[in-house]
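The following exercises concern a ligand and the pocket around it. Each task is followed by a solution in steps.

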Amino acid sequence: MKKIIAPSLLSANLAFLYRDIEMINESEADWFHIDIMDSSFVSNISFGSLFTKYVKKHAHKPMDVHLMILQPERYIKEFKDCGSDHLHIHYEACIHLHKTIYSIKKYGIKVGVAVNPHTPVFLLKDVIKDIDFVLLMSVNPGFSGQKFIKQTYQKLEETKDLILQKDSSALIEVDGGINLENASLLFKNGADILVAGTTIFSNSNPKKIIHRLLEE
Ligand code: DX5
Ligand code: ZN
């Protein structure tokens, strides 16, 4: 299975956004990860569909959009129209999860369900065959630069088992606190995609860091 890196623009230097988009285009990274926050599901406010539309205009790689918003069903069409290729919705933010998954699929967009660190993955058992990604939050959502929660390794095991047991083709994405120390172990333990913000953008040579995240 190919290893995938999705740099999170939450840690980019917004004064030089175009430069950072170009860096990702030229790098070995595979996707653009965009974190949308509403100040209700999480306490932070980040970007919306206008920002996503701008990035899409210049991005030469798929747009992996992570909706950290309550009742995401209200915004599916808006995020389809601004160019999302993948939409992740939170298990905890969605009352009619199955229905919302299908309203995303209807648009031909790939769908992921994100789970917070406290949410057990067995709760996805009745939708695991319907989704393209499980997004395991390895920090509490809302901010970049937080410490990786080690219990994620256990959840990775449980997610792999669930996928196998239900004969699902969902890929596993891990988001938060990814660094050069934990990346290779996460890939070895079954993660397909790693989202990384601070580790990539705080370095003076972000392309090299992306290469190293894929390396070991
Ligand atoms: C957290 C976001 C992450 C975040 C990752 O709520 O979902 O995508 O940007 O940032 P780092 O890699 O700094 O933990
Ligand atoms: Zn994210």
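**Exercise 1.** State which pocket ligand 1 takes up, and describe that pocket.

*Solution.* Step 1. In this predicted model, ligand 1 occupies the space of the largest pocket.
Step 2. The volume of the largest pocket is about 390 Å³.
Step 3. Its lining consists of 30 residues, and those nearest the centre of the pocket are Val-139, Gln-146, Gly-176, Gly-177 and Ile-178.
Step 4. By class, the lining residues comprise twelve nonpolar, 13 polar and five charged.
Step 5. Among the elements, E2, E8 and helix H7 (198-201) each contribute at least two residues to this lining.

**Exercise 2.** Identify the residues and elements that form the shell around ligand 1.

*Solution.* Step 1. There are 20 residues around ligand 1, and Gly-142, Gly-145, Asp-175, Gly-197 and Thr-198 come nearest.
Step 2. Sorted by class, the shell holds eight nonpolar, ten polar and two charged residues.
Step 3. Two or more residues of the shell come from each of strand E2 (32-37), strand E3 (63-68) and strand E8 (193-196).
Step 4. The greatest share belongs to E2, which gives three residues.

**Exercise 3.** Find the polar contacts listed below for oxygen atoms of ligand 1, using a cut-off of 3.5 Å between N or O atoms, and then state how much of the ligand the protein covers.

*Solution.* Step 1. For Ser-8, a side-chain N or O atom is 2.8 Å from an oxygen atom of ligand 1.
Step 2. For His-33, the distance from a side-chain N or O atom to an oxygen atom of the ligand is 3.4 Å.
Step 3. Gly-145 takes part through its backbone: one of its backbone N or O atoms lies 2.8 Å from a ligand oxygen atom.
Step 4. On its own, ligand 1 has 380 Å² of accessible area, and the protein covers 99% of this area.

Conventions: Residues are numbered from 1 along each chain as its sequence is written. Chains are lettered from A and ligands numbered from 1 in the order in which they are written. This is a predicted model: local features need pLDDT of at least 70, side-chain atom pairs count only at pLDDT 80 or more; totals for chains, interfaces and linings use all residues. Side-chain values use heavy atoms; hydrogens and water are left out. A residue is near a molecule or strand if one of its heavy atoms lies within 4 Å of it. A polar contact is a pair of N or O atoms within 3.5 Å; within protein, one must be able to donate a hydrogen and the other to accept it, and residues adjacent in sequence count only if both atoms are side-chain atoms. Accessible areas come from the Shrake-Rupley method with a 1.4 Å probe; for residues, only the protein chains shown count as cover. On a 1 Å grid over the protein atoms alone, a cavity is a set of points where a 1.4 Å probe fits but cannot get out, and a pocket is an open set with protein on both sides within 12 Å along at least five of seven lines; lining residues have an atom within 4 Å of a point. A molecule sits in a cavity or pocket if more than half of its atoms lie within 2 Å of its grid points. Helices (H or I, at least four residues) and strands (E, at least two) are DSSP runs, numbered from the N terminus. Ala, Val, Leu, Ile, Met, Phe, Trp, Tyr, Cys and Pro count as nonpolar, Asp, Glu, Lys and Arg as charged, and the others, Gly among them, as polar. Grid points are joined across faces, edges and corners, and a volume is the space filled by probe spheres set on the points.
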